[in-house]
Amino acid sequence: MAARPGPVPLTADAELTAAFEILGQKWTGIILHTLATRPARYGELSTAIERISTKMLADRLRELVEAGLVTHDQLPPGPATYTLTADGRALLPALEQIRSWSQHRTT
């Protein structure tokens, strides 16, 4: 009698794992979605995202800049602004899908 084959081993997708190392951080999606409207100063983001602490916002913005999803530009004479890059904008349809899912799911 032939041995019965075992289940196919599961493996996590490496690219998805790498993406969620950034996107899976708390507040990251909210920051990206907030910047979808227009570039914003730190204080504007802090006001728009009411429950985020100043340290968390600073940390997430730094990570997003390092990941190439947001730029941090200081143009005289105005204050520094944060702007989505092309890679950051490419995530917006996925964020909209998540937002839509959240609206329609049953609780």
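This passage describes the nonpolar core, the largest pocket, the salt bridges and selected individual residues of the structure. The model is a predicted one, and the values that follow are computed from its atoms.

The description begins with the interior. In soluble globular proteins, nonpolar side chains tend to be buried together. In this model the largest nonpolar core comprises 17 residues, and those touching the most other members are Ile 31, Leu 32, Leu 35, Leu 45 and Val 70. At least two residues of this core come from each of α2 (28–34), α4 (54–66), β2 (81–84) and α6 (92–104), with α4 giving the most, namely three residues. The surroundings of Ile 31 show how this core member is placed: when neighbours within four places in sequence are left aside, Ile 31 is in contact with Ile 49, Ile 52, Leu 57, Arg 60, Leu 61 and Leu 64.

Helix α2 also holds Thr 28, which counts as buried because its relative accessibility is 1%, under the 20% limit. Apart from neighbours within four places in sequence, the contacts of Thr 28 are with Ile 22, Leu 23, Arg 60 and Leu 64. Arg 60 and Leu 64 thus appear in the contact list of Thr 28 and also in that of Ile 31. Just before this helix, in the loop between α1 and α2, lies Trp 27, whose phi is near 80°, a positive value in a residue other than glycine. Most residues other than glycine have a negative phi, and most peptide bonds are trans. With a relative accessible area of 16%, Trp 27 is classed as buried.

Attention turns next to open space in the model. Rolling a probe the size of a water molecule over the atoms shows where empty space is left. The largest pocket has a volume of about 410 Å³ and is lined by 17 residues, among which Leu 23, Gly 29, Ile 30, Leu 95 and Ile 98 lie nearest its centre. Two or more lining residues are given by each of α1 (14–23), α2 and α6, and the contribution of α2, at five residues, is the most. By residue class, the lining of the largest pocket divides into ten nonpolar, five polar and two charged residues. Helices α2 and α6 therefore serve in two settings, since each supplies at least two residues of the largest nonpolar core and each gives two or more residues to the lining of the largest pocket. Leu 23, one of the residues nearest the centre of this pocket, is also among the contacts of the buried Thr 28.

Six salt bridges are found in a search of the whole structure. In helix α4, Asp 59 forms a salt bridge with Lys 55, with the closest N and O atoms 2.8 Å apart, and these two residues are four positions apart, about one turn of the helix. Asp 59 also meets Arg 62 through their side chains in a salt bridge, at 3.2 Å from N to O. Because Arg 62 and Asp 59 are three residues apart in helix α4, about one helical turn separates them. The environments of these residues can be set side by side: Asp 59 counts as buried at 18% relative accessibility, Lys 55 counts as exposed at 57%, and Arg 62 is partly exposed, with a relative accessible area of 44%.

In helix α6, a salt bridge joins Glu 96 and Arg 99, whose closest N and O atoms are 3.0 Å apart; the two residues are three positions apart, about one turn of the helix. Glu 96, with a relative accessible area of 32%, is partly exposed, and Arg 99 likewise counts as partly exposed at 38% relative accessibility. Elsewhere, a network of salt bridges links Arg 38, Arg 41 and Glu 44.

A final residue of interest is Val 65, which lies in helix α4 and counts as partly exposed at 33% relative accessibility. Leaving aside neighbours within four places in sequence, Val 65 is in contact with Val 70, Thr 71, His 72 and Tyr 82. One of these contacts, Val 70, is among the core residues that touch the most other members. The C-alpha atoms of Val 65 and Arg 105 are separated by 32 Å, the two residues being 40 residues apart along the chain.

Conventions
Residues numbered from 1 in each chain as written. Predicted model: local features only at pLDDT ≥ 70, side-chain atom pairs only at ≥ 80, totals over all residues. Heavy atoms only, no water. Core = buried A, V, L, I, M, F, W, Y, C linked by side-chain atoms within 4.5 Å. Buried < 20%, exposed > 50% of the residue type's maximum accessible area, 1.4 Å probe, protein only. Contact = heavy atoms within 4.5 Å. 1 Å grid on protein atoms, 1.4 Å probe; cavity = no way out; pocket = protein on both sides within 12 Å on 5 of 7 lines; lining within 4 Å. Points joined across faces, edges and corners; volume = space filled by probe spheres on them. Nonpolar A, V, L, I, M, F, W, Y, C, P; charged D, E, K, R; others polar. Salt bridge = Lys/Arg side-chain N within 4 Å of Asp/Glu carboxyl O.
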